[in-house]
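Please open the model in your viewer and keep the selection panel at hand. The tour moves from a whole chain to individual elements, with a stop at each.

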Amino acid sequence: MIFDKHQDTVNDILGRYPVKRSAMLPLLNLAQKEEGYVSQAAIREIAGILDLTPPQVFETATFYTMLNLKPIGKFHVQVCRSLMCALVGADPLIEWLRKHLGLGLGQTTGDKLFTLSTVECLGSCGTGPMMQINDDYYERLTEEKVGQILKDLRGTGDCSLKSGPFLVPERGEKVVSP
Amino acid sequence: MKTFVKILLSNMERPGYTGSLADYEGAGGYKALKTVLGKTPPNDLIEMVKKSGLRGRGGAGFPTGVKWGFIPKDHPGPRYLCCNADESEPGTFKDRQLMERDPHQVLEGIAISCYAIGAQTAYIYIRGEFRLAAKILEQAIADAYRAGHLGSDVYGSGITVNVSVHAGAGAYICGEETALLESLEGKRGKPRTKPPFPATHGLYQKPTVVNNVETLANVPHIVNRGAEWFASIGVPPKSTGTRVFCLSGHVKRPGNYELPVNATFRDLIFELGGGMRSDKPLKAFIPGGASAPFLTPDHVDVQMDFESVAMAGSMSGSGGITVMEEGTSMVWAALRLMEFFYHESCGKCTPCREGSSWIVQILQRIMNKQGRPEDLRTLTEICENIGGRTVCAFGDAEIAPVQSTLKYWRNEYEALIAEAEALKGSRKEIPVLSLA
């Protein structure tokens with residue numbers, strides 16, 4: 001069972017809500033974190049925990065674009081294609097990634113390492129073009145930077161170029177407290 | 001360089017400020033909560049926020065104190081506060097900065113607001129992609145519990161405030177307040193028909209207030225400095241205070257800038273944003289997130305308060321300003337935004353679900369030089385049949401890019417269609433199945 005070793009987390013999640021069903025998204029997110037996608041087994045298990053039928057859980061899961069209902073690569077490369085990123089060069093970057101990884105959108109590399117997707121706005125419009133890989137944001141991208149990120153992930157599984165807490169850009173304007 | 005009043009970003013722009021509990025307390029944090037909790041009658045707080053003129057920073061601009069006032073006073077059961085951290089409007093990234101860089105400012109706002117409306121439980125509904133912000137908030141919540149700013153019997157006042165983070169899983173529509181509640185209840189995030197409004201039938205059908213992150217972050221400052229002070233900033237009495245405006249697109253220095261709402265688009269785009277990134281002149285800008293109609297260079301001296309932007313024919317919305325330089329195809333820009341809306345339509349209402357798909361198809365064929373002369377009339381008609389005919393405001397939002405670009409740059413549509421007409425004879429048409 002997927003949640004067996006997370007029994008404390010599951011109980012903690014259930015304890016936050018007066019109605020069990022509210023734990024739906026937290027449990028789906030947890031299942032995806034554990035297995036990389038939301039499996040049929042996970043859906044059945046969540047249904048059991050929430051006293052719902054598996055179709056009720058499945059129906060809800062299909063609404064949310066972040067939930068992968070099929071297995072994907074170890075690193076899910078999701079590049080923002082919305083207008084704000086497109087204005088500052090997202091399209092050529094997506095093209096570059098397709099060529100570099102040899103993938104069409106939604107496809108996974110043969111070694112099951114990378115899945116390439118485009119996504120809509122991720123709330124990082126001032127620092128585009130940008131992408132999200134698993135939990136991390138990568139911003140102000142260039143081809144060179146993306147190449148380095150893929151290389152690092154392939155090598156060590158981690159990359160220091162990921163974004164930390166939102167940085168206040170250097171501006172030189174005076175802060176006035178009212 | 002002009003200087004502007006700052007409220008929300010002033011802590012985090014201090015050198016060395018990390019947003020930790022110690023840093024926040026050191027900057028006078030949680031003073032407001034200590035001052036009011038169990039001492040100021042909740043109703044006085046509601047009146048104070050009403051008097052401050054604070055309006056929702058998520059997009060709709062509804063007066064916050066009035067929203068709080070709708071919570072029935074005599075309701076026996078639990079009430080809820082939901083902090084809307086679903087920030088998904090293209091062009092908007094302010095809440096992310098507020099949560100990542102100064103999470104306790106948001107938490108103090110939440111705690112005071114809970115007390116004002118009589119809620120013991122608050123949920124921060126954060127978009128699933130904001131993993132880092134969620135992690136930072138969870139740490140901040142744990143620290144605040146440990147320090148006694150949250151939990152049961154806060155500061156010995158007998159008041160309970162419980163806060164938890166609830167991550168979404170990718171759905172723009174969950175920023176709409178009733179869709180947010182549905183999602184929080186573990187269902188598909190489809191907006192509810194209103195009335196009844198969340199103030200009486202919200203989360204679990206109990207009285208509920210849904211407020212945006214930035215809105216709530218303002219509350220401690222209003223308590224500390226008074227409603228009159230807040231109301232004196234901006235354009236009193238209707239649009240007061242500052243806003244964190246998000247600048248993106250073809251500018252030299254994109255980013256978040258806090259300005260009083262009476263500042264103009266010129267102040268933001270040229271003074272702070274450094275103007276256009278190339279030598280090309282400004283062609284167009286979106287003044288309030290993807291849902292706001294486009295404006296032109298003629299509008300750069302418009303003030304950024306709710307009323308002035310509305311007078312100019314658009315809306316201040318979520319405060320996301322996206323700038324486009326000369327040479328940007330407006331049909332392409334409208335198509336990009338429309339593809340977003342098509343992707344994000346929840347599918348509940350037919351005009352929005354079907355209409356967004358039709359608009360994308362027509363715009364795609366116009367861009368691909370296969371447009372037809374009648375397409376512009378069809379686009380106009382589809383838009384008119386979506387506006388005002390859907391359960392939530394999404395329908396009105398999705399037609400904004402098309403209607404406004406048709407209004408100001410109709411010639412670009414016409415030129416592409418004329419090109420298509422000229423190409424007509426030379427292109428092999430794909431035979432269409434005829435049912436006649």
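The stops below begin with an overall view and then turn to two helices and a sheet.

**Chain B as a whole**

Keep in mind throughout that this is a predicted model. Select chain B first and colour it by secondary structure, which shows 17 helices and ten strands. The radius of gyration of chain B is 23 Å, close to the 22 Å that the globule rule gives for 436 residues, so the chain is as compact as a globular protein of that length. Along the principal axes, the C-alpha atoms of chain B fill a box of roughly 80 × 55 × 35 Å. Of the 436 residues, 56% count as buried, and among contacts in chain B with a separation of 6 or more, 72% are made by residues 24 or more positions apart.

**Helix 8 of chain B**

Now select residues 177–184 of chain B, which form helix 8, and ask how many of its eight residues are buried. Eight of the eight are, so the helix is largely enclosed by the rest of the structure; the run includes B:Glu177 and B:Glu182 as well as B:Leu180, B:Leu181 and B:Leu184. To see what covers these buried residues, add helix 2 (24–35) of chain A, and then strand 1 (80–85), strand 2 (121–126), strand 3 (162–167) and strand 4 (208–212) of chain B, which are included in that cover. After helix 8 of chain B comes B:Gly186, with a positive phi near 90°.

**Helix 14 of chain B**

Move on to residues 350–367 of chain B, where the 18 residues of helix 14 should span 26 Å at 1.5 Å a residue, in agreement with the 26 Å between its end C-alpha atoms. Show side chains for its buried residues, B:Cys352, B:Gly355, B:Ser356, B:Ile359, B:Ile362, B:Leu363 and B:Ile366. They cover an arc of only 135° around the axis, which puts them on the same side of helix 14 of chain B. In general, an α-helix has 3.6 residues a turn, so residues three or four places apart point the same way. The face turned away from the buried side carries the exposed residues B:Thr350 and B:Gln361. Cover for the buried residues includes helix 13 (330–344), helix 15 (375–386), helix 16 (394–408) and helix 17 (410–423) of chain B.

**A four-stranded sheet**

Finally, select the open sheet of chain B whose four strands follow the order 8-7-10-9 with mixed pairing. Its edge strands, strand 8 (255–260) and strand 9 (282–286) of chain B, each pair on one side only, and the twist averages 30° from one strand to the next. Strand 7 (residues 242–249) of chain B runs antiparallel to strand 8 of chain B and is joined to it by six bridges; one residue to pick out is B:Thr242, whose bridge partner in strand 8 is B:Pro260.

Conventions. Residues numbered from 1 in each chain as written. Chains lettered and ligands numbered in written order. Predicted model: local features only at pLDDT ≥ 70, side-chain atom pairs only at ≥ 80, totals over all residues. Buried ≥ 20, exposed ≤ 12 C-beta atoms within 10 Å, placed from the backbone. Helix = DSSP H or I, 4+ residues; strand = E, 2+ residues; numbered from the N terminus. Contact = placed C-beta atoms within 7 Å. Rg over C-alpha atoms; globule rule 2.2 N^0.38 Å. Expected span 1.5 Å × (residues − 1). Arc of directions from axis to C-beta. Pairing = 2+ DSSP bridges. Axes fitted to C-alpha atoms, helices over the stretch in contact; angles between N-to-C directions.
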